[in-house]
Each structure stands twice: as structure tokens, then as C-alpha cells.
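Visitor: Please give me a close look at a single part of this model, and set it among its surroundings.

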Amino acid sequence: MIGNHTVLNGLRQLMTLDEKEAENALPLCSLCLNEIKKRLREGADENDSRIASCAAALAFYRIAIRNAVDSQGTTSFKAGDVTVSRSPAAAVELAVAVRDEAFAAAADLIEDQSFVFRQVGV
């Protein structure tokens with residue numbers, strides 16, 4: 001059975017987390033897993049590893065969003081001739097790509113809640 005620690009292990013494959021960060025990320029992993037399970041199609045295998053991948057990718061995306069908000073723009077520092085820059089926007093773009101790829105891989109398991117087709121009357 002897929003549990004919170006399975007999702008956390010998937011998240012740790014996407015980003016580096018020390019023990020304290022992993023402990024703090026566990027509730028988010030639980031939240032994301034529950035969200036994915038609510039979106040499962042009828043008859044979908046709840047033990048499919050793609051479910052854990054989707055939950056981990058969703059958690060990764062949400063952490064990237066939170067970090068971008070917390071940092072408020074590009075962060076950089078300079079030490080001698082070396083300058084290191086980190087762009088939160090680039091991290092969010094990467095997280096979006098990872099999330100979308102995981103959801104696409106599990107498309108047959110998860111209901112698409114972002115598409116609505118309605119008839120247009122004339």
C-alpha cells in the first residue's frame with residue numbers, strides 16, 4: 001500500500017531534504033497523496049506506483065511555489081570572482097514540468113478535473 005513515507009521517498013528523489021526538512025515535508029506528502037487518491041478513476045489500482053509519483057511531484061511543486069514566495073525574487077551572492085544565482089521562477093518552471101510529466105504518465109488512473117466540455121446553444 002502506498003503511504004506517506006513512499007511519497008516522501010519519491011520527493012527525496014526530486015530534491016535534497018535533510019532529516020528535519022523531511023520531517024516537515026511529511027504532512028505535505030500526506031495531503032498530496034490524499035488529494036491524488038480522491039481523483040482516482042473508478043477501478044484504478046490504488047497501489048500503482050504512479051500514484052506515489054504524482055503525489056511526490058505535486059509536493060515538489062508546492063514546495064517550489066512556497067520557496068519562490070518566501071525568497072521574493074532572484075537570490076544571489078558573490079564570493080570573490082564567483083557569483084552564485086538562484087532563480088525561484090526557474091525552480092517553479094522545473095517543478096511544473098515534473099508535476100505535469102507525472103500526471104501525464106498516470107493519466108489513465110486520474111480523472112482530469114481541469115477540462116469541461118459543454119454544448120454551445122445557437
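Guide: Let's go to the crossing of α2 and α3, which is right-handed (near helix turned clockwise from the far one by less than a right angle; anticlockwise is left-handed). This is a predicted model, in which local features need pLDDT of at least 70 and side-chain atom pairs pLDDT 80 or more, while totals for chains, interfaces and linings use all residues. Residues are numbered from 1 along each chain as its sequence is written, and side-chain values use heavy atoms, without hydrogens or water.

The axes of α2 and α3 (lines fitted to C-alpha atoms over the stretch in contact) come within 8 Å and cross at roughly 125°, on a scale from 0 to 180 degrees between N-to-C directions. That makes α2 oblique to α3 (neither under 35 degrees, nor 65 to 115, nor over 145). On the α2 side, the contact (heavy atoms within 4.5 Å) is made by Leu-28, Leu-31, Cys-32, Leu-33, Glu-35 and Ile-36. On the α3 side, Ile-51, Cys-54, Ala-55, Leu-58, Ala-59, Arg-62 and Ile-63 take part.

Ile-51 is a good place to pause. Ile-51 lies in helix α3 (helices are DSSP H or I runs of at least four residues, strands E runs of at least two, numbered from the N terminus). At 0% relative accessibility, Ile-51 is buried (under 20%; exposed is over 50%, partly exposed in between; 1.4 Å probe, protein chains only). Ile-51 and Leu-33 are 18 residues apart in sequence, yet their C-alpha atoms are 7.6 Å apart in space. Setting aside residues up to four places away in sequence, Ile-51 touches Ile-2, Leu-33, Ile-36, Leu-40, Asp-45, Glu-46 and Leu-109.

The cysteines here deserve a look too. Cys-32 and Cys-54 are both in the α2–α3 contact; Cys-32 has a relative accessible area of 0% and is buried, and Cys-54 is also buried at 0%. Why is Cys-32 without a bond to Cys-29? The closest cysteine sulfur to that of Cys-32 is in Cys-29, at 6.8 Å, which is too far for a bond. The whole structure has zero disulfides (cysteine sulfur pairs within 2.5 Å).

On to the other partner of α3. The α3 and α4 axes are 8 Å apart and the two helices pack at about 165°. That makes α3 roughly antiparallel to α4, and their crossing is left-handed. Cys-54 and Leu-58 are among the α3 residues that meet α4, and these two also belong to the contact with α2. Across from α3, the α4 residues include Val-92, Ala-95, Arg-99 and Phe-103.

All this fits a wider picture. The largest nonpolar core (buried Ala, Val, Leu, Ile, Met, Phe, Trp, Tyr and Cys joined through side-chain atoms within 4.5 Å) has 33 residues. At least two residues each come from α1 (4-14), α2 (19-38), α3 (49-71) and α4 (88-105), and the largest share, eleven residues, comes from α3. Val-7, Leu-11, Ile-36 and Ile-110 have the most contacts inside this core.

Beyond its neighbours within four places in sequence, Ile-110 is in contact with Ile-36, Arg-39, Leu-40, Arg-41, Cys-54 and Phe-103. Of these, Arg-39 lies in the loop between α2 and α3 and counts as buried at 16% relative accessibility. Arg-39 and Asp-112, 73 residues apart in sequence, have C-alpha atoms 8.0 Å apart.
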